[in-house]
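The exercises that follow can be worked through with the sequence and the 3D structure side by side. Please try each task before reading its solution.

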Amino acid sequence: MIILKSAKEIDLMRQSGRILAGILAELAQAVKPGVTTARLDALAEKLIKKNNGLPAFKGYRGFPACITTSINEELVHGIPSPKRVLKEGDIISIDCGVTYKGWVSDAALTVPVGRISPEARRLLDVTEQALYVGIKQARVGHRAGDISAAIQAHIEQYGYGVVRAYTGHGVGRTMHEDPQVPNYGKKHRGVPLKQGMTIALEPMVNLGLPGTRVLDDNWTVVTEDGKLSAHFEHTIAVVNGEPQILTQL
Ligand code: MG
Ligand code: MG
């Protein structure tokens, strides 16, 4: 069941999203060689509290932290740790969820640690572009499949692998609502997009093949071939027929 939001509800989600965007910007600034992922999580927790929000991830199915930190071949759901130290040339995906006045926003980005290879840089750029290509399709008159197909086409033209196992999703009072919006699919298929839909779109792109597996910690998802992976996400709303990004400043 897809839960459509009123203008007032979308405004509250926008407030939640603005807080989250500010936090992600600060976290991105804090990414440097020598910093641990636990320190990034502590910073996220401090900033969420300061903004009168709640960490949507902490406790979600038992997840122990406010952000997920996924380095290099790790794709999503990495657990922050004081033992995990960032080093020059890494890429780190930071995913965060904020609940504010009962409304969840969900966003992610992948950040270079110091200088990265041109290969890694291109992967980040293409993944971020794929997110915006998908967002553009989130209009009344289109279907979810139009978003999926556009994201897939953008990614595959570079020969990258589109992750199949994890998808975008509706978001609202809870972090995961209908519909699921995969990063692959066919045009003109899927649910029609409507005024008041709020969706987290999140392309996950592998430098190599699309396959993934979960590590023994039961959380961290890595690429099967051990190659790099990147992830960008925004929460958006369909308003006046058009997409609006809620997780921005
Ligand atoms: Mg997320
Ligand atoms: Mg999400």
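**Exercise 1.** In this predicted model, decide whether Asp90 is buried or exposed, and find which residue forms a salt bridge with Lys87.

*Solution.* Begin with the accessible area: Asp90 has a relative accessible area of 4%, and because buried means under 20%, Asp90 counts as buried. Next, look for the partner of Lys87, which is Asp90, the closest N and O atoms of the salt bridge being 3.3 Å apart. Finally, turn to the other end of the pair, where Lys87 is exposed, with a relative accessible area of 51%. This pair therefore joins an exposed Lys87 to a buried Asp90.

**Exercise 2.** Describe the salt bridge between Glu74 and Arg84, and set beside it the one between Arg14 and Asp11.

*Solution.* In the pair of Glu74 and Arg84, the closest N and O atoms are 2.7 Å apart. The pair links distant parts of the chain, since Glu74 belongs to strand S3 (residues 74-76) and Arg84 to the loop between S3 and strand S4 (91-100), with 10 residues separating them. Glu74 is buried at a relative accessible area of 7%, whereas Arg84, at 32%, is partly exposed.

Now take Arg14 and Asp11, whose side chains meet with an N to O distance of 3.2 Å. Both residues lie in helix H1 (residues 7-30), three residues apart, which is about one turn of the helix. Asp11 is partly exposed, with a relative accessible area of 35%.

A search of the whole structure gives eight salt bridges, and Glu45, Lys49 and Lys58 are linked in a network of such bridges.

**Exercise 3.** Asp146 has no salt bridge; find what its side chain reaches instead.

*Solution.* First place the residue, which is found in helix H4 (residues 144-156). Asp146 is buried, and the nearest side chain of opposite charge, that of Arg143, is 6.4 Å away; because a salt bridge needs the nitrogen and oxygen within 4 Å, this distance does not qualify. The side chain of Asp146 does, however, reach the backbone nitrogen of Arg143 at 2.8 Å. Leaving aside neighbours within four places in sequence, the contacts of Asp146 include Lys186, Lys187 and His188.

**Exercise 4.** Work out how strand S4 is paired and how many of its residues are buried.

*Solution.* Take the partners one at a time. Strand S1 (residues 54-55) pairs with S4 in the antiparallel sense over two bridges, and Leu54 has Thr99 as its bridge partner there. Strand S2 (residues 67-71) also runs antiparallel to S4, joined to it by five bridges, with Ile67 opposite Cys96. Strand S5 (residues 103-112) pairs with S4 in the antiparallel sense over 10 bridges, and S4 and S5 form a hairpin with two residues between them, where Lys101 in the turn has a positive phi of about 50 degrees.

For the second part, 10 of the 10 residues of S4 are buried, so the strand is largely enclosed by the rest of the structure. In a regular strand the side chains alternate between the two faces of the sheet. Both faces of S4 are covered, with buried residues including Ile91 and Ser93 on one side and Ile92 and Ile94 on the other.

Terms used:
Residues are numbered from 1 along each chain as its sequence is written. Chains are lettered from A and ligands numbered from 1 in the order in which they are written. This is a predicted model: local features need pLDDT of at least 70, side-chain atom pairs count only at pLDDT 80 or more; totals for chains, interfaces and linings use all residues. Side-chain values use heavy atoms; hydrogens and water are left out. Helices (H or I, at least four residues) and strands (E, at least two) are DSSP runs, numbered from the N terminus. Buried means under 20% relative accessible area, exposed over 50%, partly exposed in between (1.4 Å probe, protein chains only). Lys and Arg count as positive and Asp and Glu as negative; His and the chain ends are not counted. A polar contact is a pair of N or O atoms within 3.5 Å; within protein, one must be able to donate a hydrogen and the other to accept it, and residues adjacent in sequence count only if both atoms are side-chain atoms. Contact means heavy atoms within 4.5 Å. Two strands pair if DSSP finds at least two bridges between them.
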